[in-house]
Amino acid sequence: MSILIIGNSAAGVAAAEAVRQMDPLVEVTMVSDEPYSSYSRCVIREVISGKKKT
Ligand SMILES: Cc1cc2nc3c(=O)[nH]c(=O)nc-3n(C[C@H](O)[C@H](O)[C@H](O)COP(=O)(O)OP(=O)(O)OC[C@H]3O[C@@H](n4cnc5c(N)ncnc54)[C@H](O)[C@@H]3O)c2cc1C
């Protein structure tokens, strides 16, 4: 079995974690239309304001 997850944000990461819990060996492919790896949208304002570093 092979799992394809579309989107690498909160829902995608949660789906990958759930799949991994059920089967640690299953092949998981995650695709996104963004050029970035997973990141938290919730901390974007802290990064832009300089409160947090990437
Ligand atoms: C600035 C900001 C601050 C936020 N702060 C908070 C907060 O403090 N607390 C809170 O609870 N929530 C916050 N949120 C909301 C939270 O980030 C979202 O609820 C959460 O990101 C939703 O996750 P999601 O995976 O459902 O969707 P999204 O985050 O929208 O991710 C969907 C992913 O799928 C990809 N995608 C979409 N269509 C396609 C396609 N056709 N092919 C390939 N890839 C595709 C997108 O590029 C994206 O990476 C904030 C959001 C923003 C923008």
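**Exercise 1. Determine how far a polar side-chain atom of aspartate 33 lies from an oxygen atom of the ligand, and place this pair among the other polar contacts of the ligand.**

*Solution.* Step 1. In this predicted model, local features need pLDDT of at least 70 and side-chain atom pairs count only at pLDDT 80 or more, whereas totals for chains, interfaces and linings use all residues. Residues are numbered from 1 along each chain as its sequence is written, and side-chain values use heavy atoms, with hydrogens and water left out.

Step 2. The separation for aspartate 33 is 2.4 Å, from a polar side-chain atom to a ligand oxygen. A polar contact is a pair of N or O atoms within 3.5 Å; within protein, one atom must be able to donate a hydrogen and the other to accept it, and residues adjacent in sequence count only if both atoms are side-chain atoms.

Step 3. Serine 32 also places a polar side-chain atom by a ligand oxygen, at 3.5 Å. Alanine 10 contributes a polar backbone atom, 3.3 Å from an oxygen of the ligand.

Step 4. The ligand alone exposes 990 Å², and the protein buries 46% of that area. Accessible areas come from the Shrake-Rupley method with a 1.4 Å probe; for residues, only the protein chains shown count as cover.

**Exercise 2. List the residues that surround the ligand and classify them.**

*Solution.* Step 1. With a residue taken as near if one of its heavy atoms lies within 4 Å, the shell consists of Ile6, Gly7, Asn8, Ser9, Ala10, Ala11, Ser32, Asp33, Glu34, Arg41, Cys42 and Arg45.

Step 2. Ala, Val, Leu, Ile, Met, Phe, Trp, Tyr, Cys and Pro count as nonpolar, Asp, Glu, Lys and Arg as charged, and the others, Gly among them, as polar. The shell thus divides into four nonpolar, four polar and four charged residues.

**Exercise 3. Asparagine 8 and isoleucine 6 both belong to the shell; decide whether each is buried or exposed.**

*Solution.* Step 1. Buried means under 20% relative accessible area, exposed over 50%, and partly exposed in between (1.4 Å probe, protein chains only).

Step 2. Asparagine 8 sits in the loop between β1 (2–6) and α1 and counts as buried because its relative accessibility is 8%. Its side chain reaches the backbone oxygen of tyrosine 36 at 2.9 Å. Leaving aside neighbours within four places in sequence, the contacts of asparagine 8 include Val13, Met30, Ser32 and Tyr36, where contact means heavy atoms within 4.5 Å.

Step 3. Isoleucine 6 belongs to strand β1 and is exposed, because its relative accessible area is 71%. Its C-alpha atom is 8.7 Å from that of aspartate 33, 27 residues apart along the chain.

**Exercise 4. Describe the overall fold and dimensions of the protein.**

*Solution.* Step 1. Helices (H or I, at least four residues) and strands (E, at least two) are DSSP runs, numbered from the N terminus. The protein has two helices and two strands, in the order β-α-β-α along the sequence.

Step 2. The radius of gyration is taken over C-alpha atoms, and the globule rule is 2.2 Å times the number of residues to the power 0.38. A compact globule of 54 residues would have a value near 10 Å, but the protein has 14 Å. Its C-alpha atoms fill a box of roughly 45 × 20 × 15 Å along the principal axes.

Step 3. Of the 54 residues, 11% count as buried. Lysine 51, in the segment after α2 (44–49), counts as exposed at 71% relative accessibility; its C-alpha atom is separated from that of glutamine 21 by 34 Å.
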